[in-house]
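Colleague: Please take one strand of this model and go through it closely. I would like its burial, its partners and its place in the sheet.

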Amino acid sequence: MPADLLQRGRRRERSGRHVSQARLVRRPWAATFATAGIVVLCAAAAGIAWAGHAARPATPVGKPPLVPIPKGHWAAAPPAKVIPVTLPTALSIPAIGVQTRLVQLGLTPSGALQVPASPAVAGWFVDSPRPGATGAAVIAGHIDSYLGPGVFFRLRELRPGELVYVRRAHSSLAVFRVTAVRTYLKSRFPTAAVYGPVPDAELRLITCGGTFDPATGHYLSNVIVFAVLQA
Amino acid sequence: MRTATKLTRLGRLAAATTAAAFGLAFGPAAIAAPAASASSQVGWIRLAHLSPNAPAVDVYLYSFGSATAQIVLKHVSYGTVSGYEQVAAGDYTVAMRAAGAKASSKPVLSTAVDVLAGHAYTVAGMGPASGLRLQVIPDQLTTPRGRALVRVIQASMQEDTVTVTAGNTRLATNLKFASVTSFRSVKPGTWTVRAVGASETATASINLTAGSIHTLVVLDEPGKLVIDDLLDADGSKVEPAGAARTGFGGTAARPGAALLPWAAVGAAGLASAITGTVLVSRRRRPALHAR
């Protein structure tokens, strides 16, 4: 009897083992389904993130980072006579969170405007008037690198009336007021309006914009900010 | 059967996720960027006193029809030329009063100026005090490529006429008092400019860069002539060819790139389909075992 009981007990044990094994067999299916669901969600999320990044939002997201308004001597209105103005060293545009040192830009061998080697800094065109002197000083910066935003990524968000600060050697400061922000097809670049003579102290900020042509690796337009020295 | 239902649910989920991904991925791209536009219909005016024997004056600039002056320059004496003031295009009145005279008093002189957008003007008191007049001199804001522009205003009363040269280039020949030459294109460089009158001569070393526009004013100083070099306008010495290549496309919307979420969701769907198939075939196996 005790042996019989023992056997029954073993059978029960065995049958119990059978039940738990069956559950184990069923559970992996559910687990696999759950995993599959997660995979789909993750893939979709990754897709969204990727596409969201690729399709740059047309409107600004969030507030610009805080950039302090530079301190220093405010340049007086341009005088009628030629007085020396020192070289520009740094640029600050609090409205769009730009703060960068300025490199010097010349011409490429083909005679085009040289652009900064780094997408993170802007540059002043050395053959343009110095910022604050009579004439339009020209500063260019990249909208982006191969991977992400450049120093002038948000240039097109500037609006008339907003201020642009150019620090010059010996800590003098030229303050410019934005008068216009315009986008031009590169094939119709407004050479005279950017590089031509003007009777007061002005500033032109240049970056890329419009449609990107993957075939040539270039944007089809330039975004140009026009600004005048704040009297 | 249950597996099939699960698979259908999974399929629905996948479809819904795909739709959501599509909506989120392509939604923002569909919003067109607003084109920034701002018209700057402005011109420039500067004011000058170029009458040697006329006393100092107060110069007022009024928008036409307005009783309140937009700009007032106090105590402007002979030889003074203001900087350019940017003004909205339109009609203006320039009035001169004796220095210190009330703004409400009758002006000694006044003239109308029609400011066109993108144009600059010099409004100068010219001539002898006895025949003082306000003259509107149109300025120029474009240079031939790679050249400088120069003109001369003869504001010396000591010399009836002057001849002005920059190197070997004649800028003015026997130019009469209170008159102005037209602009002349000059090769960029530092030039020795000479103004020669009947009794006096003035010399100045003047740097004329490409893209710059200068007005040289011949002025009287006690017992001598001087040349005042005014930089009317300046631009880039060299005009770069074409546009600026200021982007690499890292933030650009590209049609190829936008297909990736599709591919990801598609791959996920495929994965779930395969999993489902595997599950269905596995379900049959334990049934065989049970037998």
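Modeller: This is a predicted model. I take strand β7 of chain B, residues 120–126.

Burial comes first. β7(B) is mostly covered, with 7 of its 7 residues buried. In a regular strand, side chains alternate between the two faces of the sheet. Here B:Ala120, B:Thr122, B:Ala124 and B:Met126 point one way. B:Tyr121, B:Val123 and B:Gly125 point the other way. Both sets are buried, under 20% relative accessible area.

Next, the partners. Strands of a sheet pair through backbone hydrogen bonds, either parallel or antiparallel. β7(B) does both: its pairing with strand β1 (residues 42–50) of chain B is parallel, over 7 bridges, and its pairing with β8 (residues 133–138) of chain B is antiparallel, over 6 bridges. On the β1 side, B:Thr122 is the bridge partner of B:Arg46. Towards β8(B), B:Val123 has B:Val136 as its bridge partner, and B:Tyr121 stands opposite B:Pro138.

The link to β8(B) is a hairpin with 6 residues between the strands. Within this hairpin, B:Gly127 takes a positive phi near 90°.

Now the whole sheet. Its 4 strands run in the order β4-β1-β7-β8 in chain B, as an open sheet with mixed pairing. β4 (85–88) and β8 of chain B stand at the edges. Each has a single partner strand, so one side of each is left without a neighbour in the sheet. Neighbouring strands of this sheet are turned by 30° against each other on average, direction ignored.

Methods. Residues are numbered from 1 along each chain as its sequence is written. Chains are lettered from A and ligands numbered from 1 in the order in which they are written. This is a predicted model: local features need pLDDT of at least 70, side-chain atom pairs count only at pLDDT 80 or more; totals for chains, interfaces and linings use all residues. Side-chain values use heavy atoms; hydrogens and water are left out. Buried means under 20% relative accessible area, exposed over 50%, partly exposed in between (1.4 Å probe, protein chains only). Helices (H or I, at least four residues) and strands (E, at least two) are DSSP runs, numbered from the N terminus. Two strands pair if DSSP finds at least two bridges between them. Axes are lines fitted to C-alpha atoms, for helices over the stretch in contact, and angles run from 0 to 180 degrees between N-to-C directions.
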